[in-house]
Amino acid sequence: MLELVEWTKGILDKKTLHLLFVVGNFIVEFLNIHPFQDGNGRLSRILTNLLLLKEGYLYMPYVSHEKLIEDNRPNYYIALRKSQKTFKSNKEDISKWLDFFLDIVLKQSKAAINLLSKENIETILSEKQL
C-alpha cells in the first residue's frame with residue numbers, strides 16, 4: 001500500500017499522466033491489494049471521490065459514484081477481473097478496467113450536468129469542470 005500511495009502521489013504531483021488514468025490505476029491496484037478483510041470496494045469508491053474532489057472535480061457530491069457502480073455491478077466485476085488477471089504477467093493490461101472506470105465517470109459527469117443545468121451551470125462549475 002505504501003508503494004501504491006507514494007507512486008500515486010508522485011504522479012499526481014508531477015502531472016505527467018491525466019488524473020483520471022492515475023485514479024483509475026490507483027483503484028484497480030488498491031482492489032487487487034485488498035488491504036482489509038471487508039469494505040475494500042466501498043472504501044475504493046470513497047477514495048475515488050476524495051481524489052477527484054481534491055483535483056477539482058467538484059461535481060462528485062451531486063451524483064453518486066457508488067450508485068453508478070452498484071447499477072453496473074456485473075460490468076464492474078468483469079472489468080476488474082479481466083484487468084487483475086493480467087497482474088504479475090508479462091502483459092499487464094488494465095484497459096478493461098479503465099474503460100469501465102472512465103465510462104462511470106462520464107455517466108456521473110453527464111448526470112451532474114443534467115441536474116445542474118436546471119440552474120445557472122456556468123456560475124456553479126469551474127471552467128475545468130465544464
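This account leads through the confidence, the helix packing and the internal spaces of a predicted model.

The protein chain has a mean pLDDT of 90, and 91% of its residues reach 70 or more. Confidence varies between the elements: helix H2 has the highest mean pLDDT, at 97, whereas helix H7, residues 121-124, has the lowest, at 65. The helix with the highest value, H2, is also a convenient starting point for the packing.

Two packed helices are described by the angle between their axes and the distance between the axes. For H2 and H3, the axes lie 10 Å apart and the packing angle is about 160°. Angles over 145 degrees count as roughly antiparallel, and H2 and H3 are therefore roughly antiparallel to each other. The crossing in which H2 passes H3 is right-handed. H2 also has a packing relation with H6: the two axes come within 10 Å and cross at roughly 120°. That angle makes H2 oblique to H6. Here too the crossing is right-handed, with H2 passing H6.

The packing leads to the question of enclosed space. Rolling a probe the size of a water molecule over the atoms shows where empty space is left. How many cavities of 30 Å³ or more does the model contain? The count comes to one, and the space in this largest cavity is about 40 Å³. Its lining consists of Ile27, Leu31, Ser44, Arg45, Thr48, His65, Ile69, Tyr76, Trp97 and Phe101. Helices H2 (19-33), H3 (40-54), H4 (65-71) and H6 (95-116) are the elements that give two or more residues to this lining. Both helix pairs described above, H2 with H3 and H2 with H6, thus have their members among these contributors. The largest share, three residues, comes from H3. By class, the cavity lining divides into six nonpolar residues, three polar residues and one charged residue.

Attention now turns from the cavity to the pockets. The largest pocket has a volume of about 260 Å³. Of the 16 residues that line this pocket, Asn40, Gly41, Arg45, Tyr76 and Tyr77 lie nearest its centre. Arg45 and Tyr76 are named in the lining of the largest cavity as well. Which helix gives the most to the lining of the largest pocket? The answer is H5, with five residues. At least two residues each are supplied by H3, H4 and H5, the last of these spanning residues 73-84. The classes in this lining are five nonpolar, six polar and five charged residues.

The second largest pocket holds about 210 Å³ of space. Val5, Thr8, Lys9, Leu12, Asp13, Phe26, Leu47, Leu50, Leu51 and Lys54 line this pocket. Helix H1, residues 2-14, and H3 each supply at least two of the lining residues, and H1 gives the most, with five. Six residues of this lining are nonpolar, one is polar and three are charged.

H3 is a recurring element in this description. This helix packs against H2 at about 160° and provides the largest share of the cavity lining. H3 also supplies at least two residues to the lining of the largest pocket and at least two to that of the second largest pocket.

Definitions and conventions: Residues are numbered from 1 along each chain as its sequence is written. This is a predicted model: local features need pLDDT of at least 70, side-chain atom pairs count only at pLDDT 80 or more; totals for chains, interfaces and linings use all residues. Side-chain values use heavy atoms; hydrogens and water are left out. On a 1 Å grid over the protein atoms alone, a cavity is a set of points where a 1.4 Å probe fits but cannot get out, and a pocket is an open set with protein on both sides within 12 Å along at least five of seven lines; lining residues have an atom within 4 Å of a point. Grid points are joined across faces, edges and corners, and a volume is the space filled by probe spheres set on the points. Helices (H or I, at least four residues) and strands (E, at least two) are DSSP runs, numbered from the N terminus. Ala, Val, Leu, Ile, Met, Phe, Trp, Tyr, Cys and Pro count as nonpolar, Asp, Glu, Lys and Arg as charged, and the others, Gly among them, as polar. pLDDT is the predictor's confidence in each residue, from 0 to 100. Axes are lines fitted to C-alpha atoms, for helices over the stretch in contact, and angles run from 0 to 180 degrees between N-to-C directions. Angles under 35 degrees count as roughly parallel, over 145 as roughly antiparallel, 65 to 115 as roughly perpendicular and the rest as oblique. A crossing is left-handed if the near helix is turned anticlockwise from the far one by less than a right angle, and right-handed if clockwise.
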